[in-house]
Amino acid sequence: LRAVLMQESGIARIAAIADELEDDDAVELLADLPDEMVDQILPRLDNAEQIAERLGFDEDTAGEVMSNKFVAVLDHWNVDMATRGIRRKAADIEKFYEVYVVDEKRRLVGRLKLRDLLLHDDETVIRDIMREVPVSVTPDADQEDVLELAMRYRVQSIPVVDEDRHVIGRIT
């Protein structure tokens with residue numbers, strides 16, 4: 001398909017196709033195209049900045065396959081504030097079952113299942129009901145290692161964090 005696209009389609013057509021794809025699929029498509037072509041396609045994409053960032057990661061790493069669509073709430077928020085924050089972001093994210101909890105410096109400190117929000121009253125503070133994050137990875141982690149960790153810890157998503165523990169994405 002990529003070879004046919006390159007031969008029979010112009011830059012505008014490939015950009016239109018990439019723009020309709022989920023970010024991880026668009027990254028996979030663009031990663032196999034010549035750099036000169038990618039340089040012409042990227043400026044035409046709505047989410048060019050996020051895709052360009054992911055293209056900068058090595059092949060077969062967590063950074064390449066992560067989604068930068070996730071929800072994070074502050075640990076000092078209460079359930080009502082967190083619920084409102086989640087609602088604002090929910091339309092942009094296809095599937096999620098938990099949100100990440102971060103501190104004032106935006107460092108990952110926990111996770112919160114959506115079920116927990118439903119079971120607690122509006123004034124409950126998030127840090128009092130958050131759960132431990134059993135595992136996280138850095139963007140340079142090997143994809144196969146990430147899969148192994150997901151199976152070992154029986155989690156549906158793994159947060160991707162930078163060297164300061166800021167959440168930069170998630171792998172589902």
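In this predicted model, I11 has a relative accessibility of 17%, and because the limit for a buried residue is set at under 20%, I11 counts as buried. The residue is found in helix 2, and its surroundings can be described through contacts that are remote in sequence: leaving aside residues up to four places away, I11 touches M37, Q40, I41 and R44. A C-alpha to C-alpha distance gives a further view of the region, since I11 and L42 are separated by 31 residues in sequence and by 9.9 Å in space.

Helix 2, which covers residues 11–20, also contains I17. With a relative accessible area of 23%, I17 is partly exposed, because the partly exposed class lies between the 20% limit for buried residues and the 50% limit for exposed ones. Here too a pair of residues that stand apart in the chain can be located in space, as I17 and L45 are 28 residues apart in sequence while their C-alpha atoms are 9.7 Å apart.

From helix 2 the path leads on to a pair of helices. Two packed helices are described by the angle between their axes and by the distance between those axes. For helix 3 (residues 23–31) and helix 5 (residues 48–55), the axes come within 10 Å and cross at roughly 55°, which makes helix 3 oblique to helix 5. The contact between them is made on the side of helix 3 by D23, D24, A26, V27, L30 and A31, and on the side of helix 5 by Q50, I51, R54 and L55. As to handedness, the crossing in which helix 3 passes helix 5 is right-handed.

The strands offer another part of the picture. Three of them form an open sheet with the order 1-2-3 and mixed pairing. Strand 1 (72–74) and strand 3 (108–113) each have a single partner strand and stand at the edges, so one side of each is left without a neighbour in the sheet. On average, and with direction ignored, neighbouring strands of this sheet are turned by 35° against each other.

The mixed character can be followed from one pairing to the next. Strand 1 and strand 2 pair in the parallel sense over three bridges, whereas strand 2 (residues 98–102) and strand 3 pair in the antiparallel sense over five bridges. V101 takes part on both sides, being the bridge partner of V73 in the one pairing and standing opposite G110 of strand 3 in the other.

How is strand 2 covered on its faces? In a regular strand the side chains alternate between the two faces of the sheet. In strand 2, E98, Y100 and V102 lie on one side and V99 and V101 on the other, and all of these are buried, so that both faces are covered. Counted over the whole element, five of the five residues of strand 2 are buried.

The loop between strand 2 and strand 3 holds D103, and this residue, at 12% relative accessibility, counts as buried. A polar atom of the D103 side chain lies 2.9 Å from the backbone nitrogen of K105, within the 3.5 Å cut-off for a polar contact. When residues up to four places away in sequence are not counted, D103 touches L74, D75 and V109; of these, L74 falls in strand 1 (72–74) and V109 in strand 3 (108–113).

Definitions and conventions. Residues numbered from 1 in each chain as written. Predicted model: local features only at pLDDT ≥ 70, side-chain atom pairs only at ≥ 80, totals over all residues. Heavy atoms only, no water. Pairing = 2+ DSSP bridges. Helix = DSSP H or I, 4+ residues; strand = E, 2+ residues; numbered from the N terminus. Axes fitted to C-alpha atoms, helices over the stretch in contact; angles between N-to-C directions. Buried < 20%, exposed > 50% of the residue type's maximum accessible area, 1.4 Å probe, protein only. Polar contact = N/O pair within 3.5 Å; in protein donor to acceptor, adjacent residues only side chain to side chain. Contact = heavy atoms within 4.5 Å. Parallel < 35°, antiparallel > 145°, perpendicular 65-115°, else oblique. Left-handed = near helix turned anticlockwise from the far one by under 90°.
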